[in-house]
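Colleague: Could you take a close look at one part of this model for me? I would like to hear about a sheet and what packs on it.

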Amino acid sequence: MMKYALFLGCVIPVKYTGFEKATREVLKALDIELVDLPFSCCPSPTNLKLAHYDTWLALAARNLCLAEEAGLPILAMCNGCVNTLKEVNLILKQDLSRRNQVNQALEGSGHCFKGEIEVKHLLDVLFQEIGLDRIAEKVRTPLSGIRIGCHYGCHLYRPPRLMYPEDLSEAASYVPVSMDHILAVLGAQPTQYSRKFLCCGSALGTNIDVQAANEITREKLQHMKKHQIEAVAVACPSCFYQFDRGQLMLERKYHDGFGLPTLFISQLLGLAMGLERINLGLEDHRISLKPVLERIESPS
């Protein structure tokens, strides 16, 4: 049985406990053991990193040390968390001077970074470690060919030289495909759309300009509608917030009538695997899931 240290971050335990519950249930069904460690904030790649880089490095290194001491790789459910932890892990593995500086800062806490573990996003564990065949074996209620648009989120893979240095193309780029392949195995119809890899706007809305952020979301939703997409799949709680709550704010201003249900990838896995819906956090949504749930219950 594979075993990971589960890194929840700050947003999921506060806003979206259902995503955690769904992820635990899905991974349990896939024979993955999750271990809880006393992690702190990651910290975010968009705030503290810009305000005080050395503190950002040291706090992230403490989290990495906890996983090293437990002898476990980290599995993170949030793009921001995975972005910070993978970048710091890579920097401290490669830069001995930085590592020594961080270890001096950690000395009083009794921790010492050694560079012994890897950090993975939930999508990568599902796609690379568990594999599509094992996921397919667990499908009980396929997703009925629902046209789903994937939104991967910027911090999952940008910059590629730090997030996926081992998978770069000749042009030193990286294009994520894992979620599309997983959804296809679940019986959905992953559907391509223009501006698929455009930011959702979340970081802009959190830090600077909510209205400008919602305009970015609207552009993506317009392209999704053009391609008859029926639901949005995300793998980050901040992206979920931007698509779910953002649609409410856009509707008040523009009356576009998008009404596109947004689901976290664990929820879609749980639905397709026939897990108890009460354990999938389906009550956390502001945009009704009824069209998606009806399609699964009554496949055409």
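Modeller: Happy to! Let's begin with helix α15 (residues 265–272), which lies across β5, β7 (231–234) and β8 and runs at about 85 degrees to β8. Please keep in mind that this is a predicted model: local features need pLDDT of at least 70 and side-chain atom pairs count only at pLDDT 80 or more, while totals for chains, interfaces and linings use all residues. Residues are numbered from 1 along each chain as its sequence is written, and side-chain values use heavy atoms, with hydrogens and water left out.

A few conventions help here. Helices (H or I, at least four residues) and strands (E, at least two) are DSSP runs, numbered from the N terminus. Axes are lines fitted to C-alpha atoms, for helices over the stretch in contact (heavy atoms within 4.5 Å), and angles run from 0 to 180 degrees between N-to-C directions.

Now to the sheet under α15: four strands form an open sheet in the order β6-β5-β7-β8, with parallel pairing. At its edges are β6 (189–190) and β8 (262–264), each pairing on one side only. Two strands pair if DSSP finds at least two bridges between them; β5 (residues 147–151) and β6 are joined in the parallel sense by two bridges. In β6, P190 is the bridge partner of I148.

Elsewhere, S202 sits in helix α12 (residues 202–207). S202 is buried (under 20% relative accessible area, with exposed over 50% and partly exposed in between, using a 1.4 Å probe and protein chains only), at a relative accessible area of 12%. Leaving aside residues up to four places away in sequence, S202 touches S238 and Q242.
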